[in-house]
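Colleague: I'm new to reading protein models. Could you walk me through a few features?

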Amino acid sequence: MALRNVAFQVLKFAFSLWLTASIVFMMARLLPAGHGPKGMNEIDQATYGAADAASRSSLRADYQRRTGLDKPLFYFKVKLQGQRLADQLKPSAADQPWVNKAVLRHGLPEASRFYHVWQQWLPQAPGQKSPLLKKLLYWTSLDASLDRKSLEKEIASLLRALPKANARPLLNAWQNLVAQPAPFLYYLPTLEWQGRDNIYHHWLTQLLHGNLGTSTQDYELVTTKIKESAAVTIALGTLGLTAALLVSFFAGLYFTKNPVSTFTFLLRQFLFVLDSIPAFLIALSLLGVFLLVGGSVYPSLETDGNNGLWASMASPSILLGSLCVSLLIIPHLTLQFHQSLVSQTSALYQRTALAKGLTFQKTLLKHLLPNALLPSITLLSEVIIGLMAGILVVEITFSLPGIGSLLTQSILTPDYPVLVGLTLTLLTFRLVVVGLTELVYGWVDPRMRNN
Amino acid sequence: MGRSKTNSPMSLAEKASLTWLLIFTVAALLSQILVLRGEQVVAIPEQAYLPPFTTFEHLLGTDGLGRDVLFYLFLSCRTAWLLAIPPLVLASLIGVGLGTIAAIAGNHGWRIPLVRFFALVLLLSVYGILYPVTHFWPVFAESALIRWIYYGSSFPLLYLLLTKEGFPANSGNRRYITLAVDDWLQKIINIWSALPKLLLLLLLTAFTPFSLGTLLGWICATYWVLPARIARANVLLLKKDSYYESALALGIPFYRVFTNYLLPSLKGPILTNFCFAASGLLGVGSTLAYLGIGIPADVPSWGKMLANARFSIEAWWLLAFPATFLLASIFSLQVLGNNITVQSRHKSVTK
């Protein structure tokens with residue numbers, strides 16, 4: 001394997017990691033209810049009492065400022081030319097909506113003139129501001145021109161009804177404003193650079209530092225939660241996988257040695273049946289049988305916390321769960337391994353070896369097995385990736401606090417930072433497994449090395 | 001065509017499977033009618049956990065809330081049927097379509113002259129740039145005429161660009177660009193089959209509120225991959241046959257080529273995949289209900305009853321009967337799938 005090939009593979013791996021992370025980021029943006037504090041989107045807003053719209057919106061604005069969600073989304077943004085011009089005006093927060101719309105609808109010079117007159121008029125008549133502001137804000141939301149024109153006439157009559165002579169320039173500015181539309185150049189899109197201070201950049205840099213955010217449920221770090229759950233899942237997975245590998249290896253060999261015995265036939269039929277039963281039924285039946293024969297899922301050994309890995313692994317739930325995991329993957333592994341062994345028995349080198357006088361046992365171990373193990377590497381990687389779904393079901397059934405339980409809880413609660421973090425972890429795990437498979441395949445099979 | 005050897009009379013297993021699937025479909029239909037009339041399973045807490053075969057009105061017993069198990073399982077047939085058959089039919093249609101297009105076009109089949117390609121890109125960008133102007137500028141915003149011109153002018157322009165041949169004098173040194181449709185479909189399939197289907201479905205259902213309709217949509221979006229792969233592989237094999245070549249040489253229009261030449265060979269693998277995918281989907285749908293995800297709270301399902309059975313193992317009937325119904329449906333579909341495999345392999349051209 002040339003250095004250039006290895007470097008290329010590493011680069012491809014890094015690129016796919018970055019692409020995965022960006023897609024997960026987009027997914028996080030699309031998730032509902034990610035932009036406000038917890039509970040705000042729910043129908044009964046009991047957490048916030050009978051708060052009115054203004055205080056709710058100020059709460060949301062405060063939350064977004066604290067979590068950095070009010071920053072721009074990405075480095076670039078497609079903005080209309082008119083919107084860009086409107087941003088130059090920099091009105092106050094309360095006036096911003098209607099000033100933006102005024103610029104977009106009627107042009108920058110008239111809108112800025114009206115805004116200046118408005119700002120000069122405001123200190124002189126503080127009491128009359130709020131009905132006018134309300135009507136202006138309502139004006140922003142109207143898109144149908146008929147409704148808009150009638151509202152503009154109402155605003156004009158309201159302005160005319162104002163007593164002071166200082167309202168006269170305001171009325172004139174308003175009438176100039178609504179008289180003419182903005183030029184169509186205002187509606188051409190442009191690309192605007194938003195700067196490095198954007199949500200995507202912060203998310204990516206935090207990710208590179210290993211910080212996945214904090215959970216919205218219990219305010220723990222997402223990485224801590226995932227690490228704690230991963231310990232249980234890895235224990236479950238490794239125990240189950242090793243047991244299954246041993247059983248399927250020997251079972252496959254036995255099937256190939258005795259192809260016509262009834263035991264082989266019965267066991268194969270049993271494995272076919274086991275393969276079609278859904279995973280959670282197997283887990284449930286195992287749990288049911290275990291409880292009915294008098295077992296208990298509470299650990300019988302006294303653990304004082306210092307016994308470490310071995311004691312935590314010896315708890316009945318984890319042992320039972322690993323047994324269940326092995327039952328889930330043994331059928332597929334055994335049947336596929338047996339299939340690849342059988343397909344090798346019709347090869348020419350096998351016939352030559354038998355003709356030379358070797359026993360079937362010897363050819364099985366020396367010739368068939370190495371050739372059959374090669375496709376088993378890909379099979380193994382598929383099984384490990386499919387194991388993620390099986391472990392999820394097993395963890396829910398046996399109430400083990402692993403990654404599967406964490407994923408389900410974060411969907412049901414919902415807890416979006418944990419969900420995004422878990423998706424990233426699972427996708428990265430899958431990328432790593434696939435990459436390792438390619439490496440191992442290339443190392444084991446000399447024919448692959450030249451590619 | 002006489003009866004071939006594989007058209008032997010159906011074995012007992014196949015008859016039982018077909019009977020069960022018929023019962024299953026009829027039950028789903030009847031419960032749909034019942035649901036439309038607003039019937040629900042009645043919960044009588046005083047009669048909770050009645051064992052089966054004791055009273056006549058609760059033949060299979062009652063569950064923790066006093067709901068009749070038989071009626072609940074009957075209504076759950078509708079959920080299971082709705083989550084398995086319609087989305088798979090749609091997914092198979094989409095998958096076969098995409099797979100066939102990718103196999104027929106291949107990596108070199110879709111050649112566009114470079115000039116035309118740039119003209120298309122330019123057209124699309126002009127339409128994209130003018131979109132805000134025609135939809136939001138106050139002068140145009142209300143006008144239906146402008147929208148008609150905007151969308152309507154795209155059709156003749158696209159027609160001109162996509163169908164009209166260029167000047168024959170230029171055809172010698174015209175540059176072409178080939179779009180690798182096959183590669184793109186394979187990449188999309190690779191990305192989409194990255195995660196196990198259960199995990200992918202779990203993540204997708206987090207985006208939308210739980211309802212049967214959205215779950216149907218997400219199942220469709222997850223299960224189009226396998227039919228696409230099968231269709232692509234089979235059409236690639238069939239393209240090499242001489243009868244396909246002769247069909248093209250005779251100038252038979254493509255839709256006839258598809259229905260008379262390609263579809264008969266595609267039917268077998270696609271139907272087999274349908275049966276096995278349906279049996280897997282029954283399992284996955286029940287798993288989602290078991291986890292409590294994707295199905296709204298008032299919809300009955302076998303998985304939900306099994307999830308509640310976990311907490312009261314002594315009530316074995318809450319575990320046994322839904323499991324029996326589920327396993328019966330899964331095994332019937334698998335027996336049917338095996339039968340179709342055997343029959344189609346005998347009739348297939350690409351053995």
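Modeller: Let's go through overall shape, one helix and the cysteines. This is a predicted model, where local features need pLDDT of at least 70 and side-chain atom pairs count only at pLDDT 80 or more, while totals for chains, interfaces and linings use all residues. Residues are numbered from 1 along each chain as its sequence is written, chains are lettered from A and ligands numbered from 1 in the order in which they are written, and side-chain values use heavy atoms, leaving out hydrogens and water.

Colleague: How spread out is chain A?

Modeller: The radius of gyration is taken over C-alpha atoms, and the globule rule is 2.2 Å times the number of residues to the power 0.38. Helices (H or I, at least four residues) and strands (E, at least two) are DSSP runs, numbered from the N terminus. Chain A has 18 helices and two strands. Its radius of gyration is 34 Å, well over the 22 Å from the globule rule for 451 residues, so chain A is more spread out than a compact globule.

Colleague: Where does helix α3(B) bend?

Modeller: A bend is the angle between axes fitted to the seven residues ending at a residue and the seven starting there. Here α3(B) bends by about 40° at Leu130(B), and Pro132(B) follows within four residues.

Colleague: Why is Cys77(B) not bonded to Cys275(B)?

Modeller: A disulfide is a covalent bond between the sulfur atoms of two cysteines. The cut-off is sulfur atoms within 2.5 Å. The sulfur of Cys77(B) is 18 Å from its closest cysteine sulfur, in Cys275(B), which is too far for a bond. Over all chains, the structure holds zero disulfides.
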